[in-house]
Amino acid sequence: MSKGFPHLIDLNDYPISWWNKIIKLGHDIKNNPQDYLDVCKGKIMATLFYEPSTRTQMSFQTAMIRLGGSIIGFDNPSTSSVFKGENLKDTTKVISSYSDILIIRHPNEGAAKAASLTSDCPVINAGDGGHLHPTQTLTDLLTLKEEKCRLDNLVIGLCGDLKNGRTVHSLCKALSCYPNNHFVLISTEDLKLPAYVKDVLTVNNCKFTEVSSLEESLPSLDVLYMTRIQKERFASEEEYLAEKDTYILDRKKMLRAPKDMIILHPLPRVEEIAIEVDDDKRALYFKQAEYGVYIRMALILTILNSKTIFPNLVGQPYLGVACSNPKCITNYEHYLPKSFRGIGDIVECEYCDERVLLK
Ligand code: NCD
């Protein structure tokens, strides 16, 4: 087990004041980049990308280079020892001894948490399966703060693959911590937001409505967060094809949207936003991707200067009980200690948040 570092696995592991500080720093970096040129000189960031990525990986790399630091890593596990069968524990242990901060993206839920248990430096979750994506959320929060000038009193429409979209899960959890936000969850029956995220909204006294029509929702929104149907998370091609073209935002639909509504998208865009919408001044997804560099600069700097230490695991194992989520990292890397939070008959896997029935 590692001795504990200021990891970023889930934004909700930190207080809202910490998020706000990073957003403020991101704003300052955007306006005064010359003040941050060499602040990470001599530091090394490793990127372990077990899943495809363009923006997240390159914005992290750009961020570290702009701070004066250096980068190592892989974006294609088949050219690393992972291809020879090396487990996550050994890769993390070794690469964390080469670097000062480790950024990981992995197809299995809970993988960043698992990596943090053995890492000898801070681990940042750059997306773990369909679970969470905290650094995209920080990007989204900076974008909202810059473009809407607030993170509260917003009506946010989230449209598309709300079931598998990790950016959606992290964003809902975060925005529900600011007062008076209202969520309009636009999806088909099969791609609804998972119960554990809806529970967070309820616990935080957030209003939310689940609807199926994008057209009917548009007039009420301050923000429309479009998402791609996550093809790689579907069990079969048929199931994906049945969902694929349900929601397409085009110029005609945009006629129904308020003049000051903004359109965000974590990207990559596939068919869900017609190219013609790019010329609409409300389409801010490319600017959003640019904000991703400033916020990641702020994050790297903050984590490298932080003294926070997280306990490795806070939950407990139950004899013979495994996580019921087939994509949970604990069902692939069997040496990992199982750990569940909560009491009673239903507990939550500490890696992937899946609810597990004990009896
Ligand atoms: C997202 C992701 O990887 O979850 N992209 C990103 O990081 N900007 C969204 C997606 O893949 O649909």
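Hi everyone, let me start right at the ligand: one of its oxygen atoms sits 2.7 Å from an N or O atom in the side chain of His-133. Before going on, a word on what we are looking at. This is a predicted model, where local features need pLDDT of at least 70 and side-chain atom pairs count only at pLDDT 80 or more, while totals for chains, interfaces and linings use all residues. Residues are numbered from 1 along each chain as its sequence is written, and side-chain values use heavy atoms, with hydrogens and water left out.

Back to the ligand. Thr-56 places a polar side-chain atom 2.8 Å from a ligand oxygen, and Arg-228 has a side-chain N or O atom 2.8 Å from an oxygen atom of the ligand. Taken alone, the ligand exposes 320 Å², and the protein buries 94% of that (Shrake-Rupley areas with a 1.4 Å probe).

Which residues surround the ligand? Counting a residue as near when one of its heavy atoms lies within 4 Å, the shell holds Thr-56, Arg-105, His-133, Gln-136, Arg-166, Thr-167, Arg-228, Gln-230, Pro-266, Leu-267 and Pro-268. They divide into 3 nonpolar, 5 polar and 3 charged residues. For that split, Ala, Val, Leu, Ile, Met, Phe, Trp, Tyr, Cys and Pro count as nonpolar, Asp, Glu, Lys and Arg as charged, and the others, Gly among them, as polar.

And where does the ligand lie with respect to the domains? Domain 1 (11–133 + 291–304) and domain 2 (134–289) both give residues to the shell, so the ligand lies between them. Those bounds come from an automatic or database domain assignment.

Two of the shell residues, Leu-267 and Pro-268, deserve a second look. A cis peptide bond joins Leu-267 and Pro-268, with omega at about 10°. Pro-268 belongs to the loop between strand 9 (262–264) and helix 11 (285–304). Helices (H or I, at least four residues) and strands (E, at least two) are DSSP runs, numbered from the N terminus.

Arg-166 and Thr-167 are also in the shell, and both are among the buried residues of helix 6. How many residues of helix 6 are buried? For helix 6 (residues 166–175), the count is 10 of 10. Buried here means under 20% relative accessible area, exposed means over 50%, and partly exposed is in between (1.4 Å probe, protein chains only).

Now to charges. Side chains of opposite charge can pair when their charged atoms come close. With a salt bridge defined as a side-chain nitrogen of Lys or Arg within 4 Å of a carboxyl oxygen of Asp or Glu, the count comes to 18. One of them links Arg-228, our ligand contact, to Glu-232, with the closest N and O atoms 2.9 Å apart. Arg-228 is buried at 16% relative accessibility, whereas Glu-232 is partly exposed at 43%.

Another salt bridge pairs Asp-245 with Lys-244 at 3.2 Å, N to O. Asp-245 is partly exposed at 42%, and Lys-244 is partly exposed at 31%. Then there is Arg-355 with Glu-348, at 3.6 Å, N to O. Arg-355 has a relative accessible area of 35% and Glu-348 has 23%. Salt bridges that share partners also join Glu-51, Arg-166, Arg-228, Glu-232 and Arg-233 into one network.

Next, some backbone details. Cys-149 has a positive phi of about 65° although it is not a glycine, and Asn-205 likewise has a positive phi, near 60°. Cys-149 is in the loop between helix 5 (134–148) and strand 5 (155–159), and Asn-205 is in the loop between helix 7 (195–203) and strand 7 (207–211). Are these residues buried or exposed? Cys-149 is exposed at 59% relative accessibility, and Asn-205 is exposed at 72%.

Last stop, two buried residues with partners far along the sequence. Leu-224, in strand 8 (residues 223–226), is buried at 0% relative accessibility. Leu-224 and Val-155 are 69 residues apart in sequence, yet 8.7 Å apart in space, C-alpha to C-alpha. Met-261, in the loop between helix 10 (251–254) and strand 9, is also buried at 0%. Its C-alpha is 9.1 Å from that of Ser-220, with their positions 41 residues apart in sequence numbering.

Thanks, everyone, and I'm happy to rotate the model to any of these spots.

Methods. Polar contact = N/O pair within 3.5 Å; in protein donor to acceptor, adjacent residues only side chain to side chain.
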